[in-house]
Amino acid sequence: MQQHTRFLIVGAGVTGLAFAGRLAERDYLICESEAEIGGYCRTVVQDGFVWDYSGHFFHFRNPDIERELVTKIGGERVRRIERDARIDYAGKLIDFPFQRNIHQLPHEEFLECLAGLFSRTTAPPTNFREMLYAKFGAGITDKFLVPYNEKLYATDLGRLEIGAMGRFFPYADAEEIVRGFVSKAPAGYNATFTYPLGGAIEYVAALASDVEPEKVLLGERIVEIDLKAKVAKTARRSIGFEYLLSSAPLPRLLAMCRVPFEPSSFTYNKVLVFNLGFDRKGPSGIHWIYYPSRDVSFYRIGFYDNIFDTERMSLYVELGYASSANLDAAAIAQARARVLSDLERAGVISGHRLVSEHHVVLDPAYVHITSGSLQAVAEHKQLLAARGVYSAGRYGSWTYCSIEDNIVEARALAERFNTLTRAHLV
Ligand SMILES: Cc1cc2nc3c(=O)[nH]c(=O)nc-3n(C[C@H](O)[C@H](O)[C@H](O)COP(=O)(O)OP(=O)(O)OC[C@H]3O[C@@H](n4cnc5c(N)ncnc54)[C@H](O)[C@@H]3O)c2cc1C
């Protein structure tokens, strides 16, 4: 089958839907390889539990975007929560972020962190790891920041750029840290967050309400893009296009377009998520806990039941892996057994009965932002844009961002086309 559209959109996640929803000219098609929309913001509803593909909690900086989405969902369906996040440090729960709560550590370790904070190196950092030591000193960095981030990113932190986590990293200078010892105000970009009763997919559905459903082709993976002829292929059809917006991971887009690239510029981790439903309540009040210890398999767990105020513990459990890790059925079964035993050791479950479960591998999950990746992304995006192909979104732009950032980026791009369209009409 041969078709033609002015705008071909690859992916019906937040980016693809936000872009389509904002286009003034409604001549577009969205190809989505999965059987449903939402990308990484999909939600699983099972046996009375509501789980996202991974813990997704939302912190909007732009009140207009938040108001628009919440109005579409219905304000009464969106919970607004003041964060209660903790760190399991050697079996004791302390408040997050670690660097602002070192006074909650055992006395000797508190003094060690404090001494490190005030005797930190003055040499300008050249990478993420060095930045941690330069900002926070050896105590805080060795006890939490390095082990936690190594578990998460599954790579040597010396490879990552200083700003690898952007605004998502809870920076604080020494004076702020000391002042924080007596302040009760929660710090960081996500001190309060929202979450819809039906899970992250409700935000996606709000965006999708601006998109004509018949223009979303589900189960249609784009497998090949001919940049010269401007034709993309799925297993079922060829689609000619004038412009293409892709939210697929950038290296996969380059492969589809047969554009040569250096794979070592695009490294990333995978995250294996277990969603677990139990027969009764676990710890109350806490929304998520970080686990820096290398003796614990997961780096973070979160409690949906403490967001929904429900009676049965509903957890997400996240494990970080190198991209090369083989996560076949046997490896996942082994990881699951280890997770259940680690949850028991950490005191999260104690004789609880697991009554429902689900797992998913996010591949890629966190991209490694390196000097090589920044350069490769900029160069390849420019090369593709010259051919009318735009790569956007968390994986299309190969970055660390939130859904709000995806919406802002996608809508800004749509507005550029709208301006072009208006100029042609005048
Ligand atoms: C562990 C984790 C936790 C997160 N937590 C939060 C959070 O709390 N709050 C927050 O705001 N954000 C969070 N995020 C980020 C958020 O998930 C992303 O920013 C957002 O989902 C990205 O949307 P996207 O549309 O750019 O990409 P995706 O969600 O990846 O969507 C891309 C879509 O393209 C489709 N696709 C790919 N290739 C093809 C192809 N060849 N043909 C057709 N379709 C294709 C995919 O199936 C997918 O549906 C988190 C991310 C991770 C990994």
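A residue counts as near a molecule if one of its heavy atoms lies within 4 Å of it. This is a predicted model, and that cut-off applies to its ligand.

**Around the ligand**

The ligand has 34 residues around it. Which come nearest? They are T15, E32, H56, F57 and N406. H56 also makes a polar contact through its side chain. The table lists this contact with two others.

| Residue | Protein atom | Ligand atom | Distance |
|---|---|---|---|
| G55 | polar backbone atom | nitrogen | 3.3 Å |
| H56 | polar side-chain atom | oxygen | 2.7 Å |
| I403 | polar backbone atom | oxygen | 2.9 Å |

On its own, the ligand has 1000 Å² of accessible area, and the protein covers 92% of that. Four elements give two or more residues each to the shell: helix 1 (14-22), strand 2 (28-32), helix 11 (393-396) and helix 12 (403-425). Helix 11 gives the most, with 3 residues.

**Nonpolar cores**

The largest nonpolar core has 121 residues. Inside it, F19 and I225 have the most contacts. Helix 4 (residues 128-153) is the top contributor to this core, giving 11 residues. What does F19 touch beyond four places away in sequence? Its partners are F7, I9, L245, A410, L413, A414 and F417. Another core, of 23 residues, lies apart from the largest one. L272, F278, A335 and V339 are among its members.

**A hairpin**

Strand 3 (residues 43-46) and strand 4 (residues 49-52) run antiparallel, joined by 4 bridges. Q46 has F49 of strand 4 as its bridge partner. The hairpin has 2 residues between the strands. There, D47 takes a positive phi near 50°.

Conventions:
Residues numbered from 1 in each chain as written. Predicted model: local features only at pLDDT ≥ 70, side-chain atom pairs only at ≥ 80, totals over all residues. Heavy atoms only, no water. Core = buried A, V, L, I, M, F, W, Y, C linked by side-chain atoms within 4.5 Å. Buried < 20%, exposed > 50% of the residue type's maximum accessible area, 1.4 Å probe, protein only. Contact = heavy atoms within 4.5 Å. Pairing = 2+ DSSP bridges. Polar contact = N/O pair within 3.5 Å; in protein donor to acceptor, adjacent residues only side chain to side chain. Areas by Shrake-Rupley, 256 points an atom, 1.4 Å probe, with all protein chains shown as cover.
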